[in-house]
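Hi,

Here is the structure I promised to pass on. Have a look at it first, and then read my notes underneath.

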Amino acid sequence: MAFRKSTLIFLVMLALCGVCFGAVYRVGDSNGWTSRGLVDYNEWASTKDFHVNDTLIFAYNNQFHNVMQVTTQDFESCNPNSPVAVYTSGSDTITLDKPGNFYFVCGAPGHCQAGQRVEIMATLPTPDDSSPSASPTEAISASSALSSGPALHFSKLGLGVIMFVLSTLLGFVF
């Protein structure tokens, strides 16, 4: 009986991990977060399918750039004076923690106007989002984040599936 409980706890924990992990994206791909005009960040974002719990990595030279999360109005007017959050490490990791639009700009003078800004729309995962949208060659791990594709992640429906299987096999009702 103790083995059954241990197995059940392990499987529930495994399922919870599957629900929590999302994809990891390096903003701007190999160019990173820059004002040199090498990347159209909104074009870059339009080719991705962002979900809640996905992670953005902003990689940049922090002597020249930063990342500011701003409101819709401040994004549209390139106003960095009232940011929601400010990041300055040069390698900032931001998790999309809720559905909706996220707006990021560089607060250095003229950089936002030069195109160093991005709008990210995060949605809730749907049943058909249980596998990564990119091919395996585009997939990255949460620790490396060296390419543009999403990280491989567990099924976001994993908890429900595991709970159903466990209740059927072990006769439990959750």
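**Strand 3 and its partners**

In this predicted model, Q69 stands opposite F104, a residue of strand 6. Next to that pair, M68 faces V105, again in strand 6. Strand 6 covers residues 100-105, and its pairing with strand 3 is antiparallel, with three bridges.

Strand 3 itself takes in residues 67-70. The side chains of V67 and Q69 point one way, while M68 and V70 point the other way. Which of these are buried? All of them are, on both sides of the strand.

Strand 3 also pairs with strand 4, residues 85-87. Those two strands run antiparallel and are joined by three bridges. One place to see this is V67, whose bridge partner in strand 4 is Y87.

Now follow strand 6 onward to strand 7, residues 117-122. How many bridges link strand 6 and strand 7? There are six, and the pairing is antiparallel. Among the facing residues here are F102 and, in strand 7, I120.

**A buried aspartate**

Please also look at D74, which sits in helix 3, residues 72-77. D74 is buried, yet it makes no salt bridge. Where is the nearest side chain of opposite charge? That is R117, 10 Å away from D74. Because a salt bridge needs the charged atoms within 4 Å, R117 at 10 Å does not form one with D74. Setting aside neighbours within four places in sequence, D74 is in contact with N79 and S82.

Happy browsing, and best wishes!

Notes. Residues are numbered from 1 along each chain as its sequence is written. This is a predicted model: local features need pLDDT of at least 70, side-chain atom pairs count only at pLDDT 80 or more; totals for chains, interfaces and linings use all residues. Side-chain values use heavy atoms; hydrogens and water are left out. Buried means under 20% relative accessible area, exposed over 50%, partly exposed in between (1.4 Å probe, protein chains only). Helices (H or I, at least four residues) and strands (E, at least two) are DSSP runs, numbered from the N terminus. Two strands pair if DSSP finds at least two bridges between them. Lys and Arg count as positive and Asp and Glu as negative; His and the chain ends are not counted. Contact means heavy atoms within 4.5 Å.
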